[in-house]
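Here are some short exercises to help you find your way around a new structure. Try each task on your own before you read the solution.

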Amino acid sequence: MRDVDVSDGIVPLGEFKSKASKIIRDIAGSDEPVVITQNGRPAAVLMSPKAFQELRESHEFYRAVAEGVTDSEAGRVIDHKKVRRWLESWGTDREKGAPE
């Protein structure tokens with residue numbers, strides 16, 4: 001049986017079952033995911049916790065940007081000067097409410 005080359009990124013399920021410990025150890029030091037196939041088709045993706053967290057953070061960032069673009073296109077914006085005055089008032093005796 002051939003040795004698993006995690007850098008190839010594709011591992012059949014049977015091979016994954018027999019070499020799971022090695023594959024998981026190898027992936028811990030890599031940012032590259034491994035695609036596990038079943039019957040020749042992609043069935044799962046295995047990645048390190050660090051790579052998964054980075055993926056989640058990127059997804060959240062892009063979602064927030066898309067939400068901001070949608071708000072802007074819909075006219076849901078606040079003038080920069082109003083926001084600046086509001087932020088500058090924080091923690092002072094003249095603290096203002098959030099601008100509308």
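**Exercise 1. Work out whether Arg-63 is buried, partly exposed or exposed, and find its salt-bridge partner.**

Solution. This is a predicted model, so every value here is computed from predicted coordinates.
- Step 1: Start with the accessibility of Arg-63, which is 38% in relative terms.
- Step 2: Compare it with the cut-offs: buried means under 20% and exposed means over 50%. Arg-63 therefore counts as partly exposed.
- Step 3: Look for an acidic partner. The side chain of Arg-63 meets that of Glu-67 in a salt bridge, at 2.7 Å from N to O.
- Step 4: Place the pair on the chain. Both residues belong to helix 2, and they sit 4 residues apart, about one turn of the helix.
- Step 5: Check the partner too. Glu-67 has a relative accessible area of 43%, so this residue is partly exposed.

**Exercise 2. Find how Glu-54 and Lys-50 are connected, and which residue is linked with them in a network.**

Solution.
- Step 1: Locate the two residues. Glu-54 and Lys-50 lie in helix 2, which covers residues 49-73, with 4 residues from one to the other, about one helical turn.
- Step 2: Look at the contact. A salt bridge joins them, and their closest N and O atoms are 3.7 Å apart.
- Step 3: Test that distance. The cut-off for a salt bridge is within 4 Å, so the pair qualifies.
- Step 4: Widen the view. Asp-31 joins Lys-50 and Glu-54 in a network of salt bridges.
- Step 5: Add the accessibility. Glu-54 is partly exposed, because its relative accessibility is 36%.

**Exercise 3. Describe the salt bridge between Lys-22 and Asp-26, and say how many salt bridges the whole structure has.**

Solution.
- Step 1: Take the distance. The side chains of Lys-22 and Asp-26 come together in a salt bridge of 2.6 Å, N to O.
- Step 2: Find the spacing. The two residues are separated by about one helical turn, because they are 4 residues apart in helix 1 (residues 13-28).
- Step 3: Read the accessibilities. Lys-22 is partly exposed at 28%, and Asp-26 is partly exposed at 31%.
- Step 4: Count across the model. A search of the whole structure gives 7 salt bridges.

**Exercise 4. Examine the hairpin of strand 2 and strand 3, and name the residue with a positive phi.**

Solution.
- Step 1: Look at the pairing. Strand 2 and strand 3 run antiparallel to each other, paired over 5 bridges.
- Step 2: Pick out a facing pair. Val-34 is opposite Leu-46 in strand 3.
- Step 3: Turn to the connection. The hairpin has 2 residues between its strands, and Asn-39 sits in this loop, between strand 2 (34-38) and strand 3 (41-46).
- Step 4: Check the backbone. Asn-39 is the residue you want: its phi is positive, about 55°, although it is not a glycine.
- Step 5: Consider exposure. Asn-39 is exposed, with 79% relative accessible area. Strand 3 lies largely in the open, because 0 of its 6 residues are buried.

**Exercise 5. Find a nonpolar patch and a positive patch on the surface.**

Solution.
- Step 1: List the nonpolar residues. Phe-61, Tyr-62, Val-65 and Val-69 make up a nonpolar surface patch, and their accessible area together is about 410 Å².
- Step 2: Look at one member. Phe-61 is in helix 2, and with a relative accessible area of 52% this residue is exposed.
- Step 3: List the positive residues. Lys-81, Lys-82, Arg-85, Arg-94 and Lys-96 form the positive patch.
- Step 4: Look at one member here as well. Lys-81 belongs to helix 3 (residues 80-89) and is exposed at 59% relative accessibility.

**Exercise 6. Compare separation along the chain with separation in space for two pairs, Ile-78 with Glu-100 and His-80 with Phe-16.**

Solution.
- Step 1: Take Ile-78, in the loop between helix 2 and helix 3. Its relative accessibility of 42% makes Ile-78 partly exposed.
- Step 2: Find the distance to Glu-100. The pair is 22 residues apart in sequence, and the C-alpha atoms are 6.6 Å apart.
- Step 3: Take His-80, in helix 3. His-80 is exposed at 56%.
- Step 4: Find the distance to Phe-16. These two are 64 residues apart along the chain, with 54 Å between their C-alpha atoms.

Conventions. Residues are numbered from 1 along each chain as its sequence is written. This is a predicted model: local features need pLDDT of at least 70, side-chain atom pairs count only at pLDDT 80 or more; totals for chains, interfaces and linings use all residues. Side-chain values use heavy atoms; hydrogens and water are left out. Patches are made of residues with over 30% relative accessible area and no salt bridge: like charges are joined within 9 Å, nonpolar side chains (Val, Leu, Ile, Met, Phe, Trp, Tyr) within 5 Å. Accessible areas come from the Shrake-Rupley method with a 1.4 Å probe; for residues, only the protein chains shown count as cover. Lys and Arg count as positive and Asp and Glu as negative; His and the chain ends are not counted. The place of a charge is taken as NZ of Lys, CZ of Arg, CG of Asp or CD of Glu. Buried means under 20% relative accessible area, exposed over 50%, partly exposed in between (1.4 Å probe, protein chains only). Two strands pair if DSSP finds at least two bridges between them.
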